[in-house]
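Welcome! Take a moment to look over the sequence and the 3D structure below, and then we will walk through them together.

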Amino acid sequence: MAHAEKDPMYYLEQAPVPKAIAHMTIPMVLGMVVNLIYNLVDAYFIGRLDNTAMLAALSLALLFTAVLMAIGQIFGIGGRPPRSTITFPYCPDCCLCSFAFLF
């Protein structure tokens with residue numbers, strides 16, 4: 001079983017659906033949590049300056065960053081399979097590299 005999990009196609013072909021979803025989404029969620037913690041710490045220190053304009057700008061920047069991350073993940077995660085099957089319909093090895101050309 002451990003050998004099968006090292007196969008790049010294991011999570012797309014053989015893994016149970018909950019395990020595949022967890023494997024693919026946990027890194028994405030962790031990246032968003034790290035970004036959120038960074039922004040919260042930044043807001044704490046900017047909030048101590050007693051400047052509401054800077055704190056408002058930081059809040060808008062957090063919203064803008066979160067929206068851009070969500071859009072990027074929609075196209076990065078959701079756009080890869082259709083792009084791969086259209087570009088390389090009979091070449092599974094080529095599909096593994098196609099995500100680099102998505103954007």
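## Getting started

A residue is called buried when its relative accessible area is under 20%, exposed when that area is over 50%, and partly exposed in between. Keep those cut-offs at hand, as they will help you with single residues later on. Please also remember that this is a predicted model.

## The overall fold

What is the chain built from? It has 6 helices and 0 strands. Following the sequence from start to end, you will meet the pattern α-α-α-α-α-α.

How much of the chain is buried? Of its 103 residues, 11% count as buried. The accessible surface comes to about 7,900 Å², and carbon and sulfur atoms account for 74% of that surface. As for contacts between residues at least 6 apart in sequence, 29% of them join residues at least 24 apart.

## How confident is the prediction?

The mean pLDDT of the chain is 77, and 68% of the residues reach 70 or more. Confidence is highest in helix 3, with a mean of 87. It is lowest in helix 6, which covers residues 92-95 and has a mean of 58. Where pLDDT is low, the predicted coordinates should not be read in detail.

## A closer look at helix 3

Let us visit some residues of this helix. Is N39 buried or exposed? N39 sits in helix 3, and its relative accessibility is 10%. That value is under the 20% cut-off, so N39 counts as buried. Setting aside neighbours within four places in sequence, N39 is in contact with L58 and L62.

G31 is also found in helix 3. Its relative accessibility is 36%, a value between the two cut-offs, so G31 counts as partly exposed. Which distance separates the C-alpha atoms of G31 and M69? The two residues are 38 places apart along the chain, and their C-alpha atoms are separated by 9.6 Å.

## A nonpolar patch on the surface

Now turn to V33, which lies in helix 3, a helix that spans residues 17-47. With a relative accessible area of 38%, V33 is partly exposed. To belong to a patch, a residue needs over 30% relative accessible area, and V33 passes that cut-off because its value is 38%.

Which residues make the nonpolar surface patch? V33 makes it together with V29, I37, V41, Y44 and F45. The patch has an area of about 550 Å². Try finding these six side chains in the structure.

Notes
Residues numbered from 1 in each chain as written. Predicted model: local features only at pLDDT ≥ 70, side-chain atom pairs only at ≥ 80, totals over all residues. Heavy atoms only, no water. Helix = DSSP H or I, 4+ residues; strand = E, 2+ residues; numbered from the N terminus. Buried < 20%, exposed > 50% of the residue type's maximum accessible area, 1.4 Å probe, protein only. Contact = heavy atoms within 4.5 Å. Areas by Shrake-Rupley, 256 points an atom, 1.4 Å probe, with all protein chains shown as cover. Patch = residues over 30% accessible without salt bridge, like charges linked within 9 Å, V, L, I, M, F, W, Y side chains within 5 Å. Salt bridge = Lys/Arg side-chain N within 4 Å of Asp/Glu carboxyl O. pLDDT = per-residue confidence, 0-100.
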